[in-house]
Structures are given as C-alpha cells and as structure tokens.
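The following explanation is intended for a reader who meets this structure for the first time. It may be read with the sequence and the model side by side.

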Amino acid sequence: MTKARCVSGCVLALAMSGSWPTARAQQPVNKPIVLHAARLLEVDTGRIVTPGEILIEGERIVAAGSSVRHPSGAQLIDLGDTTLLPGLIDAHVHLFLHPGSEGLQTVEESVPQRTIRATLAARDDLMAGFTAERDMGTEGAGSADSAVRDAIDNGLIPGPRLRISGNAIDILGGHEDAITYNPAQHVLSNATYAHTTDDLIAVIRQQHKEGASFVKIYETGKDGMRDGALFTPYQYTADQLSAAVQEAARLGEVVAVHAMGEPGTLYAAQAGVASIDHATHLSDETIRIMKDKHIPAVPTFTVFEYFMNEAVGAKREDERQMLDYKIKEFKKQIAAGVAFAVGSDVGPFPHGTQARELELMVKYGMRPLAVLQADLINGAKLLGWGGQIGELKPGYFADIVAVPGSPLDDITAVEHVSFVMKGGIVEKLPAGIAAR
C-alpha cells in the first residue's frame, strides 16, 4: 500500500499537536526511524523485550528487539515508559454508523452525509490505535465504503487499512430490514436483498464490481431473547451459504456472517465461512467444524454491553439476559478451544472507544496474551494480511502503537494509546516526547 510522504520538519515539532495533518506534514522524506521504548511485546511468544527498539525504513519494519542498528541520519523517537505493540485490529466495525437511532440515521441522513461521518470515524479509530479494520456493511450506504478505503489508501484522509463489504446481504423480513416501520412507508432495508442462491451470486458479483473486498451476510435474525432463551431464526441454508462461499472464492474473496446461534451458526460453519460474528451460541458440532476448518468466532461484547446500558424498561432486561447468556456461552467456547478474533461492532457506540472489547474478553475469561494474539495474529489472518501486519517483525508493515505500562499486566493499557504509526508514517505523537 503506497502512501504519499510530506516534506520537511522534525517529529519533535509534532509534540505540539497529535492531530493527523500536523503529524504528516512534519515528517521527513525517506528517513529511517528508530523507535525506542521501555518495552516491546513479541506477540507470538508473549515475551516482553526490555528495552524495545524498532528500525523502520519506508513503510516496513527492518529490525525489532532490545537493540537495533541506528543508521546514520536516522530519526530517534523515544517513547519512554511505554510498550510497543503492533497496530490494533478491529475485525468488526461499522464506519457508517454513529450513536443514536440506527434505523433513523439511515433514513434521515443522506449517503454523502454518512460518508463524511465515515471518514471522521475512520480517523477516530486510527487515533485510538486501530491500524486495520474490517467494515461489516455500510447499513444502506451501498458501496460508499470503497470511496473511503480508496481515499485512505491514496493518503487523502487518515484511517486504518480497510477490508470492506459494501452493503450486507439479507432477506425480506430479516435482520436490518426496517421491520419496525409502518409497511405503508416502504422503508428500504439497510442491507441488500438476496432470496435465492442465484440472488446471492448476483449480489456478490455486483458488490465485487463496486469494490467490495469480502462478503457480509446476515445468517440469523432478527435475533432476540424470548422467555429467557435465545431466538435466532436462520436466513440461508448451508447449501445457499456454500454457493456464496464458492462464488466469493472465485473472485478472490471470503464470506463473513452475522450469526448469533443455532442452526444458523452450524450452517455457516458447514459452508466454510471466514468468520462467525457474534457467535452467541455454538453447538458442540458447530465448534468441532469451526476448529477443523479454522473458523474464528468474533464475539463483539462491547456492542452488547452498550445496548444493555442504553436500553430502558423491559428492553433493558432483555439485553441483560442476552449479555449474561453470551458470557456463559463464551466461557464454554474458551474451554472448548474455539479460535477467536477481536471485533467490537463499533458504530452504534462511539468510534475510537472500541479497545474496550479486549478488556471485556479478558474480563469474561481469556488471558491478556490470548486476547492480544486473537486480535493481532488471528485478526491479521482474517483480514487477509497474515505475515504483513499483527507482529513486530522484519518485513512487516510498520503499523505500531505504544501504550502505557504492560498490557500483559493490565489489558486496559490498550485503551490509552499514545503513539500511532501506520506504514512508517507517524499518525499520532504524544506531547513532551524526546526526538532527535
């Protein structure tokens, strides 16, 4: 991914502002950079290297360890008592959503207005340390996410590396189909209808033409709690999903599904999807297939917590029951050896705050290192950038963040990112930094 580099200045000048335009404008052209910090995390081994140094040339890491070569003329950025980590990855975001009524904003706000908001969301996520994301549907804004991705890739606006799906896919009366509105108003679905196998293939081809890099399908919905039990009707059969997976593969893409529970989660696993998102309930057979096919679950706890906190009356109790049920099932999934990636479903809650997802996964049963490995190693593979991002190794993209203390001791450190680099470009730099 090539990026335009701006001319002149010294990173020390960035101490006056952590804003993106200043950070980029002040950077030298093609000058090696050495990052120094108290610690560096080797994600694959879990080893904390002290101190930590990384040599960056261009957009790639050249070396990482306790001490690296300092080439003549290299710029040294001393990040002090922090830990260097790979840039965080959010495998489930909605750049085209913001807090407030999800249904109303997609009706009342124009696609251009929502696209402008999406660019701001991308900036906020990047400043929070998320250097790569998977946008799981524009919620009725069609292929507008391709414009956001392309603008980021061309250095026009700040944002993470993006995998995008365009509009998600659903059925009449399914998830995101405006079923709470007066039918006489004919309010459009926030996803694209596909009722048959032929429809699925046609929609996948159209979205690929418009720039999608993967396929997002709603496999269950509308989901909810009924008398204390999860109610989650499936939308597509295993055969239909298999056809979608095969068509996506023909185009070099994969399929990710919103699937809360059985039998939809089973059908998705049988079809060989790339990930099962939300995954609130997985049967033993579904888990067996997921492990056999290396399909990760993406729990998205943060959005469930947000909905519970925002709900009132009986709805709040329903949301509480859903979260409690989800936590119980998550613990079973951990014990069964399910692989996880980290996705927050940010959009309904404020962009830039989704690092809480890592905290919640630890709170509900995973070790901090396991969560970081799920986020960075599994996330990189899920987004199709395995061996390119997610670790601090030579040849990888220089997507790097710094956090206070050690996230292995306190995972909430990832909610306080002070430094962000993406592709060798400093995007965020704290005040008072020593640079020379």
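The paragraphs below go from the whole chain to a sheet, two helices and several charged pairs.

The model shown here is predicted. Its protein chain contains twelve helices and 22 strands. With a radius of gyration of 21 Å, close to the 22 Å that the globule rule gives for 436 residues, the chain is as compact as a globular protein of that length. Along the principal axes, the C-alpha atoms fill a box of roughly 65 × 45 × 45 Å.

Two further values describe how the chain is packed. Of its 436 residues, 57% count as buried, a term that stands for a relative accessible area under 20%. Among the contacts with a separation of 6 or more, 67% are made by residues 24 or more positions apart. The accessible surface of the chain comes to about 16,600 Å², and carbon and sulfur atoms account for 54% of that surface.

A suitable place to begin with the details is an open sheet of three strands, arranged in the order β8-β9-β10 with parallel pairing. Its edge strands are β8, residues 88–93, and β10, residues 161–164, each of which pairs on one side only. On average, neighbouring strands of this sheet are turned by 15 degrees against each other, direction ignored. Strand β9 covers residues 130–135 and is joined to β8 in the parallel sense over four bridges. Within this part of the sheet, Leu88 stands opposite Phe130 of β9.

Helix α4, formed by residues 144–153, lies across β9 and β10 and runs at about 160 degrees to β10. How much of this helix is covered? Eight of the ten residues of α4 are buried, and the helix is thus described as mostly covered. The buried residues are Ala144, Asp145, Ser146, Val148, Arg149, Ala151, Ile152 and Asp153. Their cover includes the strands β9 and β10, helix α3 (111–127) and strand β20 (419–422). After α4 comes Gly155, which has a positive phi near 75 degrees.

A second covered helix is α7, which spans residues 264–271. Because six of its eight residues are buried, α7 is largely enclosed by the rest of the structure. Those buried in α7 are Gly264, Thr265, Leu266, Ala268, Ala269 and Ala271. The elements that cover them include the helices α6 (238–250) and α8 (284–293), together with the strands β16 (255–259) and β17 (275–278). Helix α7 is followed by Gly272, and the phi of this glycine is positive, near 80 degrees.

The remaining topic is that of charged side chains. Side chains of opposite charge can pair when their charged atoms come close. The structure holds 19 salt bridges, and a few of them may be considered in turn.

One of these salt bridges links Glu109 and Arg117, with 3.9 Å between the closest N and O atoms. Are its two partners buried or partly exposed? Glu109 has a relative accessibility of 14% and therefore counts as buried, whereas Arg117, at 39%, counts as partly exposed.

Another salt bridge is formed by Asp124 and Arg123, whose closest N and O atoms are 3.0 Å apart. Asp124 is partly exposed, its relative accessible area being 28%. Arg123 also counts as partly exposed, at 33% relative accessibility.

A further salt bridge brings together the side chains of Arg356 and Glu305, at 2.7 Å from N to O. Arg356 belongs to helix α11 (residues 356–363) and Glu305 to helix α9 (residues 301–310), so this pair ties together parts that are 51 residues apart in sequence. With a relative accessibility of 23%, Arg356 counts as partly exposed, while Glu305 is buried, with a relative accessible area of 13%. Finally, Asp44, Glu391 and Lys393 are joined into one network by salt bridges that share partners.

Note on methods. Residues numbered from 1 in each chain as written. Predicted model: local features only at pLDDT ≥ 70, side-chain atom pairs only at ≥ 80, totals over all residues. Heavy atoms only, no water. Pairing = 2+ DSSP bridges. Helix = DSSP H or I, 4+ residues; strand = E, 2+ residues; numbered from the N terminus. Axes fitted to C-alpha atoms, helices over the stretch in contact; angles between N-to-C directions. Contact = heavy atoms within 4.5 Å. Rg over C-alpha atoms; globule rule 2.2 N^0.38 Å. Buried < 20%, exposed > 50% of the residue type's maximum accessible area, 1.4 Å probe, protein only. Areas by Shrake-Rupley, 256 points an atom, 1.4 Å probe, with all protein chains shown as cover. Salt bridge = Lys/Arg side-chain N within 4 Å of Asp/Glu carboxyl O.
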